[in-house]
Amino acid sequence: MDAGAGGQGDREGHRGAVLANPDLDDPARAAGLEQAASRPPRHRTRPGGHRQVGEKGVATHKKSARRRGAWICFQDESGFSLLPVVRATWAPRGQTPVLTHRFSWKRLSMSGALAYRPDRSEAVFVFGIKEGAYNTASLIEFLTALHEHLDRQKVTLIWDGLPAHRSNDMKAWLTTQRHWLRVEPLPGYAPDLNPMEMVWGNVKATELANLCPDTLDEAHTATQAGLERVGSSYQLCFNFLDHTGLSL
């Protein structure tokens, strides 16, 4: 991960970056940390079998974060390849759109975190892009960079049950980070409680929709542009949180 301006420089294996300032001289190396303005909370109710239990669990984590003065961070991983993300589009009558692609499974992975102050006074979006899948080592690197860009402040991290999140090496590392990091799992089968899911869906429905890149570099450029767009939108950062029905 590229720490961006004032950071620690490149780390091997990462193609993305953490952006502390959206006005960097070299935006191609930026990949997304942006302060967002506060917004009033919006309360939503939704039907669901185990969702209410999940919301109660997340609410407990948020109360703990307020007591600790910690950022509340929702983290997730996703990926993209040279295969197009097919979406509905417009075309002249009688001319069916045709997507021509290389049918290649070459893939890049993304790790992202939406971080919020419990009083909704600030929000930041951080992500990295790398070749191959995120594993325990690369996630530890990502979390370390996240900590640095949050000025080494306390964090309550909320994430799912990915095996790399539960590995023995990850558990051992988390034990050494208790002075600043507390990890809480999302309820099982509850991706709708993670605002990062909306980030991935938004980018794949916009910059990546029906895109047929010839190279991973082209796919990387389009994805980075989409994630930078999200990070530069104060409204989106909070709208994605509000869409989950959770409040801070």
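This note goes through the predicted model point by point, from the overall layout to the sheet, a helix and the cores.

1. Overall layout. The model is a predicted one, and its protein chain comes to 7 helices and 5 strands. Read from the N terminus, the elements follow the order α-β-β-β-α-β-α-α-β-α-α-α. Of the 248 residues of the chain, 50% count as buried. Among contacts in the chain with a separation of 6 or more, 76% are accounted for by residues 24 or more positions apart.

2. The sheet. The 5 strands form an open sheet in the order 3-2-1-4-5, and the pairing within this sheet is mixed. Its edges are strand 3 (123-131) and strand 5 (181-185), each of which pairs on one side only. On average, neighbouring strands of the sheet are turned by 25° against each other, with direction ignored.

3. Pairing within the sheet. Strand 1 and strand 2 pair in the antiparallel sense over 10 bridges, and within this pairing Glu 77 has Ser 111 of strand 2 as its bridge partner. Strand 1 and strand 4 pair in the parallel sense over 4 bridges, with Trp 71 having Val 155 of strand 4 as its bridge partner. Strand 4 (residues 155-159) is in turn joined to strand 5 by 5 bridges, and these two strands run parallel; here Ile 158 stands opposite Glu 184 in strand 5.

4. Strand 1 and its surroundings. What share of strand 1 is buried? For this strand, 11 of the 11 residues are buried, so it is largely enclosed by the rest of the structure. The covering applies to both faces: Trp 71, Cys 73, Gln 75, Glu 77, Gly 79 and Ser 81 are buried on one side, while Ile 72, Phe 74, Asp 76, Ser 78 and Phe 80 are buried on the other. A reader who follows the chain in the structure will therefore find charged residues such as Asp 76 and Glu 77 included in these buried faces, along with aromatic ones such as Trp 71 and Phe 74. Helix 7 (residues 234-243) lies across strand 1 (71-81), strand 2 (107-116) and strand 3, and it runs at about 85° to strand 2.

5. Helix 2, its ends and its length. At the N-terminal end of helix 2, Asn 135 acts as a cap, with a side-chain oxygen 3.2 Å from the backbone nitrogen of Ala 137. Just after the helix, Asp 151 takes a positive phi of about 55°. The length of the helix can be checked by simple reasoning: at 1.5 Å a residue, its 14 residues should span 20 Å, and because its end C-alpha atoms are 20 Å apart, the expectation and the model agree.

6. Helix 2, its covering. Helix 2 is mostly covered, with 11 of its 14 residues buried, and the buried set is made up of Thr 136, Ser 138, Leu 139, Ile 140, Glu 141, Phe 142, Leu 143, Ala 145, Leu 146, His 147 and His 149. These buried residues pack against strand 1, strand 2, strand 3, strand 4, helix 3 (163-166) and helix 4 (168-175).

7. Two histidines of helix 2. His 147 and His 149 both have their place in helix 2. Why does His 149 count as buried? Its relative accessibility is 18%, and because buried means under 20%, His 149 falls on the buried side of the cut-off. His 147 is also buried, with a relative accessible area of 5%. Leaving aside neighbours within four places in sequence, His 147 is in contact with Arg 152, Gln 153 and Trp 180. The C-alpha atom of His 149 is separated by 9.5 Å from that of Val 124, a residue 25 places away along the chain.

8. Nonpolar cores. The largest nonpolar core has 33 residues, of which Leu 114, Tyr 116, Phe 125, Val 199 and Leu 227 touch the most other members. Two or more residues of this core are given by each of strand 1, strand 2, strand 3, helix 5 (196-204), helix 6 (216-231) and helix 7. Not counting residues up to four places away in sequence, Leu 227 touches Met 110, Phe 125, Phe 127, Ile 129, Val 199, Trp 200 and Val 203. Apart from this core lies another, of 22 residues, and among them are Val 126, Tyr 134, Leu 146 and Trp 173.

Technical notes. Residues are numbered from 1 along each chain as its sequence is written. This is a predicted model: local features need pLDDT of at least 70, side-chain atom pairs count only at pLDDT 80 or more; totals for chains, interfaces and linings use all residues. Side-chain values use heavy atoms; hydrogens and water are left out. Two strands pair if DSSP finds at least two bridges between them. Axes are lines fitted to C-alpha atoms, for helices over the stretch in contact, and angles run from 0 to 180 degrees between N-to-C directions. Contact means heavy atoms within 4.5 Å. Buried means under 20% relative accessible area, exposed over 50%, partly exposed in between (1.4 Å probe, protein chains only). The expected span of a helix is 1.5 Å times one less than its number of residues. A polar contact is a pair of N or O atoms within 3.5 Å; within protein, one must be able to donate a hydrogen and the other to accept it, and residues adjacent in sequence count only if both atoms are side-chain atoms. A nonpolar core is a set of buried Ala, Val, Leu, Ile, Met, Phe, Trp, Tyr and Cys residues joined through side-chain atoms within 4.5 Å.
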